[in-house]
Amino acid sequence: MNTPFDQATEGARERELMTAVRAGRIAPEQIAARGLPFPVKIQIQTVSPCNAACVMCPWPATKDVLPQGVMPEPVFHRIVDQIQGRGVERTSLFLMNEPTLDRRLERLTAHLKQKEPRTTALIFTNGLLLTGDRAQALAEAGMDEIDVSVIGFSAEEYRKVMHGVDFATVMHNLDEIGERQRQGRLGKLRLKLVCLEFPGLRESAAAFTARTGLPVQLKPVTNRAGLVDLERLGVHNDKAPQPMPCQRPFVKGYVLYNGDVVLCNCDWMRTTSLGNVMQDSLENIWRSHQLDEIRRHHLRRSFPPDSLCARCDYPYLP
């Protein structure tokens with residue numbers, strides 16, 4: 001189940017736990033005692049909108065039917081206060097959104113890194129607004145990693161998937177960022193290019209890397225818990241006959257702009273609310289009976305038919 005993309009960000013605690021989980025060495029009734037006391041990775045949605053309408057993303061279908069907004073800074077500060085000193089290895093300042101739409105992002109990054117300098121601060125962006133100036137400002141604020149989603153390596157390929165995002169602008173931004181990186185103006189900031197593996201893009205990514213020297217990491221296209229019709233997109237993933245436990249409920253926490261904690265980054269319809277950080281602690285939410293019951297379903301490799309996990313193809317991907 002564990003894809004190369006996931007393996008690239010595994011720490012020792014996640015690896016040890018998930019190895020035991022997938023090998024069946026943790027019985028369902030043991031998870032409360034043997035699970036992690038706090039998430040090792042957290043995603044925070046500082047703003048909810050996106051400026052694109054990509055074909056594999058539920059945003060266009062959900063943006064007008066669900067409330068959207070900006071995370072109040074007291075909510076952000078409360079989250080940061082709660083993760084301080086808890087060993088959170090990666091703090092993603094994005095969740096089902098385009099993070100560069102938040103003009104406070106530099107200030108929020110600086111606050112996070114001042115309070116918890118040991119965490120890796122990162123964003124995942126389509127790159128449209130990520131100019132060289134913006135990348136440098138984020139680097140100076142303490143951002144450790146920026147992953148740019150590049151799905152298509154020619155204007156034609158790109159246009160088929162990344163609706164609302166201009167290919168030439170993104171390539172220009174990457175050129176600017178690359179130049180600043182070569183000049184040493186981005187400090188320790190790591191830039192990664194990530195591509196979803198639509199048909200033909202593995203070969204295009206390899207050719208792009210050969211031409212530019214920029215490596216591209218590939219991820220499978222998933223159905224986002226049943227919200228995306230992969231057949232319509234021409235995607236046919238190889239799937240295992242039985243699910244494997246997904247690492248998300250065991251290692252990651254997800255906080256929406258209003259402080260609600262949802263099950264995972266595929267819960268676009270916010271169907272599984274676990275609590276709110278302004279009403280309860282992240283630790284209590286993480287160790288709740290509700291979330292432990294979901295983990296037990298993964299340990300049993302059997303999901304309730306109406307659950308988010310039952311509709312998701314991620315646990316079936318090799």
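**Helices, cores and ring contacts in a predicted model**

Helix 9 (residues 167-182) has 16 residues, which at 1.5 Å a residue should span 22 Å, and its end C-alpha atoms are 23 Å apart, in agreement with that expectation. The expected span of a helix is 1.5 Å times one less than its number of residues. Helices (H or I, at least four residues) and strands (E, at least two) are DSSP runs, numbered from the N terminus. This is a predicted model, in which local features need pLDDT of at least 70 and side-chain atom pairs count only at pLDDT 80 or more, while totals for chains, interfaces and linings use all residues. Residues are numbered from 1 along each chain as its sequence is written, and side-chain values use heavy atoms, with hydrogens and water left out.

Which residues of helix 9 are buried? They are Phe 167, Val 170, Met 171, Asn 173, Leu 174, Ile 177, Gly 178 and Arg 180. Here, buried means under 20% relative accessible area, exposed means over 50%, and partly exposed lies in between (1.4 Å probe, protein chains only). The buried residues of helix 9 pack against helix 7 (132-141), strand 4 (145-149), helix 8 (155-161), strand 5 (190-196) and helix 10 (201-212). After the helix comes Gly 184, with a positive phi near 80 degrees.

Ile 177 gives a good look at one position in helix 9. Its relative accessibility is 1%, so Ile 177 counts as buried. Leaving aside neighbours within four places in sequence, Ile 177 is in contact (heavy atoms within 4.5 Å) with Leu 130, Thr 131, Gly 132, Ala 135, Leu 186 and Leu 191. One of these partners, Ala 135, is 42 residues away in sequence, yet the C-alpha atoms of Ile 177 and Ala 135 are 6.8 Å apart in space.

Helix 14 (residues 289-300) can be read in a similar way. Its 12 residues reach 16 Å from the first C-alpha to the last, close to the 16 Å expected at 1.5 Å a residue. Buried in helix 14 are Leu 291, Asp 292, Ile 294, Arg 295, Arg 296, His 297, His 298 and Leu 299. These buried residues pack against elements including helix 2 (12-22), strand 9 (273-276) and helix 15 (308-311). Just after helix 14, Arg 301 takes a positive phi of about 60 degrees.

Attention now turns to the nonpolar cores. In soluble globular proteins, nonpolar side chains tend to be buried together. A nonpolar core is a set of buried Ala, Val, Leu, Ile, Met, Phe, Trp, Tyr and Cys residues joined through side-chain atoms within 4.5 Å. The largest has 94 residues, and those touching the most other members are Met 56, Ile 79, Met 143, Phe 198 and Leu 282. Not counting neighbours within four places in sequence, Met 143 is in contact with Leu 93, Leu 105, Thr 109, Ala 121, Leu 122, Ile 123, Leu 138 and Leu 189. Apart from the largest core lies another, of 5 residues, among them Phe 5, Phe 94, Phe 124 and Val 194.

How many aromatic pairs does the whole structure hold? The search finds 3. Rings of Phe, Tyr and Trp (its six-membered ring) pair if their centres lie within 6.5 Å; planes under 30 degrees apart count as stacked, over 60 as edge-to-face and the rest as tilted. Phe 94 and Phe 124 form a tilted pair, 5.9 Å centre to centre and with 45 degrees between the planes. The two residues are 30 apart in sequence, Phe 94 in the loop between strand 2 (90-92) and helix 6 (105-115) and Phe 124 in strand 3 (residues 120-125). Phe 94 counts as buried at 14% relative accessibility, as does Phe 124 at 19%. Phe 153 and Phe 208 also form a tilted pair, 4.9 Å centre to centre and with 40 degrees between the planes. Phe 153 lies in the loop between strand 4 and helix 8 and Phe 208 in helix 10, so this pair ties together parts 55 residues apart in sequence. Both Phe 153 and Phe 208 are buried.

Two tyrosine rings have a charged partner. A charge sits over a ring if NZ of Lys or CZ of Arg is within 6 Å of the ring centre and within 35 degrees of the ring normal. The charged end of Lys 239 sits over the ring of Tyr 316, 5.4 Å from its centre, and Arg 248 lies over the face of Tyr 314, at 3.9 Å from the ring centre.
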